[in-house]
Amino acid sequence: MKKKIDLPQKVCAACGRPFTWRRKWARDWDEVRYCSDRCRQARKTPPSPS
């Protein structure tokens with residue numbers, strides 16, 4: 001088993017936080033841009049006018 005520090009990392013396009021590779025992303029790691037569903041949903045919705 002690999003140690004967590006040995007896994008590849010990326011930076012989330014929405015929040016800017018680093019996140020590491022997960023097994024469920026193994027097939028499409030190159031296309032993963034967001035660290036969570038919450039960040040992915042927040043990026044899709046336009047900002048509300050305040």
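**Exercise 1. Val11 in its strand**

Val11 lies in strand β1. Find out whether Val11 is buried or exposed, and which residues touch it.

*Solution.*
- Start with the source. The model is predicted: local features need pLDDT of at least 70, side-chain atom pairs count only at pLDDT 80 or more, and totals for chains, interfaces and linings use all residues. Residues are numbered from 1 along each chain as its sequence is written, and side-chain values use heavy atoms, with hydrogens and water left out.
- Know the element. Strands (E, at least two residues) and helices (H or I, at least four) are DSSP runs, numbered from the N terminus.
- Know the scale. Buried means under 20% relative accessible area, exposed over 50%, and partly exposed in between (1.4 Å probe, protein chains only).
- Apply it. Val11 has a relative accessible area of 56%, so Val11 is exposed.
- List the contacts, meaning heavy atoms within 4.5 Å. Leaving out residues up to four places away in sequence, Val11 touches Gly16, Arg17, Pro18, Phe19 and Arg33.
- Add a distance. Val11 and Val32 are 21 residues apart along the chain, and their C-alpha atoms are separated by 10.0 Å.

**Exercise 2. The whole chain**

State the order of the elements in the protein chain, and say where confidence is lowest and highest.

*Solution.*
- Count the elements: one helix and two strands.
- Read from the N terminus. The order is β-β-α.
- Turn to pLDDT, the predictor's confidence in each residue, from 0 to 100. The chain averages 86, and 84% of the residues score at least 70.
- Compare the elements. Helix α1 (residues 37-44) is lowest, at a mean of 86, and strand β1 (residues 9-11) is highest, at 95.
- Look at burial. Of the 50 residues in the chain, 20% are buried.
- Look at contact range. Take contacts between residues at least 6 apart in sequence: 10% of them join residues at least 24 apart.

**Exercise 3. Aromatic rings**

Describe how Phe19, Trp25 and Trp29 are linked.

*Solution.*
- Two values describe a ring pair: the distance of the centres and the angle of the planes.
- Set the rule. Rings of Phe, Tyr and Trp (its six-membered ring) pair if their centres lie within 6.5 Å; planes under 30 degrees apart count as stacked, over 60 as edge-to-face and the rest as tilted.
- Count. The rule gives three aromatic pairs.
- Take one of them, Phe19 with Trp25. The centres are 5.4 Å apart and the planes meet at 75°, an edge-to-face pair. Phe19 and Trp25 are both buried.
- Take another, Phe19 with Trp29. The centres are 6.0 Å apart and the planes are at 75°, so this pair is edge-to-face.
- Place this pair. Phe19 is in strand β2 (residues 18-20), and Trp29 is in the loop between β2 and α1, ten residues apart. Phe19 and Trp29 are buried.
- Join them up. Ring pairs link Phe19, Trp25 and Trp29 into a cluster.
- Check for a charge over a ring: NZ of Lys or CZ of Arg within 6 Å of the ring centre and within 35 degrees of the ring normal. The charged end of Lys10 sits over the ring of Trp29, 4.6 Å from its centre.

**Exercise 4. Thr20 and Lys4**

Which residues does Thr20 touch, not counting residues up to four places away in sequence?

*Solution.*
- Locate Thr20: strand β2.
- Classify Thr20. Its relative accessible area is 16%, so Thr20 is buried.
- List the contacts of Thr20: Lys4, Pro8, Gln9, Trp25 and Trp29.
- Follow one of them, Lys4. It belongs to the segment before β1. At 61% relative accessibility, Lys4 is exposed.
- Get the spacing. Lys4 and Thr20 are 16 residues apart in sequence and 7.8 Å apart in space, C-alpha to C-alpha.

**Exercise 5. Cysteines**

Why is Cys12 not bonded to Cys15?

*Solution.*
- A disulfide is a covalent bond between the sulfur atoms of two cysteines. The cut-off is a pair of sulfur atoms within 2.5 Å.
- Test Cys12. The closest cysteine sulfur, in Cys15, is 3.6 Å away, so it is too far for a bond. Cys12 is buried, at 3% relative accessible area.
- Test Cys35. The nearest cysteine sulfur, that of Cys39, is 3.7 Å away, and Cys35 is in no disulfide. Cys35 is buried, at 16%.
- Finish the search. The whole structure has zero disulfides.

**Exercise 6. A salt bridge**

Which residue forms a salt bridge with Asp37?

*Solution.*
- Set the rule: a side-chain nitrogen of Lys or Arg within 4 Å of a carboxyl oxygen of Asp or Glu.
- Count. The rule gives one salt bridge.
- Name the partner of Asp37: Arg40, with the closest N and O atoms 2.8 Å apart.
- Check the spacing. Asp37 and Arg40 are three residues apart in helix α1, so about one helical turn separates them.
- Classify both. Asp37 is exposed, at 53% relative accessibility, and Arg40 is partly exposed, at 29%.
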